[in-house]
Amino acid sequence: MQVNGPHFMRLAKNKIMVCMLCPKSCSLSVADNFNGVSIENNGCNKGIQFAKKELADPERILTSTMKVDHGVLPLVSVRGDNPVKKDELKALIKQLDGMTLYAPVLSGQIVASDFGRNSVNIIATRTIDRLN
Ligand code: SF4
């Protein structure tokens, strides 16, 4: 499929992009040519939307761990409730590395908020009980 528009003028060369929208994980072939950008090998139209988003404004779900003080485990796994901008992912994870929670931490608890340009909430994905 040919895709034209200002967002696609930045693509310098051909690339393979794995669509992450379903388990089929299609390897999208994205090529720059005289007629614009072409996207092929997509199993469905969602792959076109995925490639457009990846080229114009890539985002990722943040997953990491945070330190827990006085917990039965020293770390708790966390994730964002919405995607963050890909270019700020490493900086946000580093920011979480510098923070410490205090047990107990409950699964589903918001442990940090207003993170990144998308203002995501960071949520604990498991419970860490307090050390007796
Ligand atoms: S292009 Fe469609 S079928 Fe292929 S991985 Fe993406 S959503 Fe799944």
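Where in the chain is the place of His70? Let's begin there, everyone, and keep in mind that we are looking at a predicted model. His70 sits in the loop between strand S6, residues 63-69, and strand S7, residues 75-80. Its backbone catches the eye: His70 is not a glycine, yet phi is positive, at about 60°. As for its surroundings, His70 has 15 C-beta neighbours inside 10 Å, so we class it as partly exposed.

There is a second residue of this kind to show you. Ser25, also a residue other than glycine, has a positive phi near 50°. You will find Ser25 in the loop between S2 and S3. Is Ser25 buried or exposed? It is exposed, because just 11 other C-beta atoms lie within 10 Å and the cut-off for exposed is 12 or fewer.

While we are on loops, please turn to Pro104. The peptide bond joining Ala103 and Pro104 is cis, with omega at about 5°. Pro104 belongs to the loop between strand S9, residues 100-102, and strand S10, residues 110-115.

Now let me step back to the whole chain. How many helices and strands does the protein chain have? It has two helices and eleven strands, and reading along the sequence gives β-β-β-β-α-β-β-β-β-α-β-β-β. The radius of gyration is 19 Å, whereas the globule rule gives 14 Å for 132 residues, so the chain is more spread out than a compact globule. You can see that in the C-alpha trace too, which spans about 65 × 25 × 20 Å along its principal axes. Of the 132 residues, 20% are buried. On contacts, take those with a separation of 6 or more: 55% of them are between residues 24 or more positions apart.

Let me finish with helix H1, residues 46-56. Which residues of H1 are buried? They are Gly47, Phe50 and Ala51. These residues lie on the same side of H1, because they cover an arc of only 95° around the axis. The spacing is a familiar one: an α-helix has 3.6 residues a turn, so residues three or four places apart point the same way. And what covers the buried residues of H1? The cover includes three strands: S2 at 15-18, S3 at 27-33 and S4 at 36-40. S2 and S3 will sound familiar, since the loop between them is the one that holds Ser25.

Thanks for listening, and I'm happy to go back to any of these spots on the screen.

How values were computed: Residues are numbered from 1 along each chain as its sequence is written. This is a predicted model: local features need pLDDT of at least 70, side-chain atom pairs count only at pLDDT 80 or more; totals for chains, interfaces and linings use all residues. Helices (H or I, at least four residues) and strands (E, at least two) are DSSP runs, numbered from the N terminus. The arc is that of the directions from the helix axis to the C-beta atoms. Two residues are in contact if their C-beta atoms, placed from the backbone, lie within 7 Å. The radius of gyration is taken over C-alpha atoms; the globule rule is 2.2 Å times the number of residues to the power 0.38.
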